[in-house]
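The report below reads through one chain with its ligand and asks how the parts of the fold are placed relative to one another. Please keep the sequence and the coordinates at hand while reading.

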Amino acid sequence: MKENIKNIDFYYFSGTGNTLLVVKKMKEVFEDNGITVTLFPIEKSDPSQVNLQHVIGLAFPVAVQGTYPFVWDFIKSLPQTENTKIFMVDTLQKFSGGVVGNIKKIVKNKGCEPIGAKEIKMSNNFLPESIDEDKIDEIIRKGQEEAAEFAQDILHNRAEWKRVPVISDIFSFFSKKNFIWNMMRKAGSWQLDEEKCIKCYLCERMCPIHNIKMNEYPEFLGKCTFCMRCISFCPQRAIFLPDKDFVQYRAVKAEELLEKH
Ligand SMILES: Cc1cc2nc3c(=O)[nH]c(=O)nc-3n(C[C@H](O)[C@H](O)[C@H](O)COP(=O)(O)O)c2cc1C
């Protein structure tokens with residue numbers, strides 16, 4: 001049976017574009033079926049303003065077996081409701097233990113009706129040492145294909161949202177906790193090569209959590225959650241991690257992550 005959906009408000013975060021490509025593909029399928037889809041970047045959205053009459057979509061990358069703290073905060077701050085339909089999709093390199101099950105628990109406790117969850121494999125964006133363009137194109141093509149299928153599954157009321165209670169709670173525990181992000185920051189934080197920096201402000205504009213302050217040069221304020229935007233999009237490769245060789249990974253242009261959809 002076909003779901004009777006008229007409006008979808010799709011809240012997403014994408015560090016380097018993988019998730020945005022999935023979201024855009026799903027939007028295309030929904031719109032082909034006469035649904036009005038509005039995209040909202042999570043980093044610029046207020047969860048208390050979510051329209052509970054519309055279907056809510058959530059999309060984000062997996063990070064440390066969970067997702068970024070500001071994405072958790074957004075989901076945890078959604079208002080109480082009665083039977084608002086909700087679905088989620090995440091993108092990941094290999095494996096996530098904690099998001100699907102744990103988010104189901106959170107949204108159910110809010111009174112939402114979970115209508116489907118999907119994890120879609122995309123390329124690794126965490127400091128890859130090399131990049132094989134053909135392989136990446138193929139992964140993206142498959143990812144977008146799966147995104148289109150998932151959108152069809154939602155439309156035809158056959159999507160699933162599974163939950164493995166104990167495992168997902170254990171895994172999600174870590175990415176929600178400050179200590180894990182502090183450990184990552186201690187292991188290595190981004191540095192700036194002032195000779196390369198052209199003070200273009202792109203890193204400051206892209207940082208979803210306002211962790212970059214523009215003084216004479218960009219300054220990192222110490223709450224980075226490694227979403228990879230600044231380091232991946234710096235046009236001068238002026239942002240780096242000491243002793244780590246990497247290739248900048250980006251699946252879309254910087255403007256696409258900054259523009260309104
Ligand atoms: C800090 C960080 C942690 C990550 N942790 C995981 C992980 O636990 N499991 C996994 O499969 N992929 C992990 N990834 C890979 C991303 O989830 C994947 O590349 C994702 O598609 C990136 O989406 P985006 O381009 O929309 O930011 C991680 C990436 C980053 C930057």
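Which residues of α3 are buried? In this predicted model, the buried residues of helix α3 are Val99, Val100, Gly101, Asn102, Ile103, Lys104 and Val107. Their packing partners are α2 (69-76), β4, β5 and α5, and the helix itself, residues 99-109, lies across β4 (85-92) and β5, running at about 160° to β5. After α3 comes glycine 111, whose phi is positive, near 95°.

**The contact between α3 and α5**

Helix α5 spans residues 165-176, and its axis comes within 7 Å of the axis of α3, the two crossing at roughly 100°; that angle makes α3 roughly perpendicular to α5. On the α3 side the contact is made by Val99, Val100, Gly101 and Asn102, and on the α5 side by Pro165, Ser168, Asp169 and Ser172. Sorted by class, this contact holds 3 nonpolar, 4 polar and 1 charged residues. The four residues that α3 brings to the contact, Val99, Val100, Gly101 and Asn102, also appear among the buried residues of that helix.

**The sheet**

The sheet is open and is formed by 5 strands in the order β2-β1-β3-β4-β5, with parallel pairing. At its edges stand β2 (36-41) and β5 (113-121), each of which pairs on one side only, and the twist from one strand to the next averages 15°. The table collects three of the strand pairs, all of them parallel, with one residue pair for each.

| Strand pair | Bridges | Residue and its partner |
|---|---|---|
| β1 and β2 | 6 bridges | Phe10 and Leu39 |
| β1 and β3 | 5 bridges | Asp9 and Ile56 |
| β3 and β4 | 6 bridges | Pro61 and Thr91 |

Strand β1, residues 7-12, thus pairs with β2 and is also joined to β3. How many residues of strand β3 are buried? For β3, residues 55-61, the count is 7 of the 7, so this strand is largely enclosed by the rest of the structure. In a regular strand the side chains alternate between the two faces of the sheet. Both faces of β3 are covered, with Val55, Gly57, Ala59 and Pro61 buried on one side and Ile56, Leu58 and Phe60 buried on the other.

**The surroundings of the ligand**

Proline 61, which stands opposite threonine 91 in β4, takes part in the surroundings of the ligand as well: of the 25 residues around the ligand, Ser14, Gly15, Asn18, Thr19 and Pro61 come nearest. The elements that give two or more residues to this shell are α1 (18-32) and β4. By class, the shell is made up of 11 nonpolar, 13 polar and 1 charged residues.

**Residues in the loops**

Valine 50 is placed in the loop between β2 and β3, and is it buried or exposed? Valine 50 counts as buried because it has 20 C-beta neighbours inside 10 Å, and 20 is the number from which a residue is called buried. Leaving aside neighbours within four places in sequence, valine 50 is in contact with Asp9, Ile56, Leu78 and Pro79; two of these, aspartate 9 and isoleucine 56, are themselves bridge partners. From valine 50 to proline 79 the separation is 29 residues in sequence and 7.9 Å in space, C-alpha to C-alpha.

Two further loop residues have a positive phi although neither is a glycine. Asparagine 83, with phi near 60°, has its place in the loop between α2 and β4 and is exposed, with 9 other C-beta atoms within 10 Å. Tyrosine 201, with a phi of about 75°, lies in the loop between β6 (191-192) and α7 (202-206), and its 11 C-beta neighbours inside 10 Å place it in the exposed class.

Asparagine 157, in the loop between α4 (133-155) and α5, is partly exposed, having 13 other C-beta atoms within 10 Å. Its C-alpha atom is separated by 19 Å from that of valine 23, a residue 134 places away along the chain.

Definitions and conventions
Residues numbered from 1 in each chain as written. Predicted model: local features only at pLDDT ≥ 70, side-chain atom pairs only at ≥ 80, totals over all residues. Pairing = 2+ DSSP bridges. Axes fitted to C-alpha atoms, helices over the stretch in contact; angles between N-to-C directions. Contact = placed C-beta atoms within 7 Å. Parallel < 35°, antiparallel > 145°, perpendicular 65-115°, else oblique. Nonpolar A, V, L, I, M, F, W, Y, C, P; charged D, E, K, R; others polar. Near = placed C-beta within 6 Å. Buried ≥ 20, exposed ≤ 12 C-beta atoms within 10 Å, placed from the backbone.
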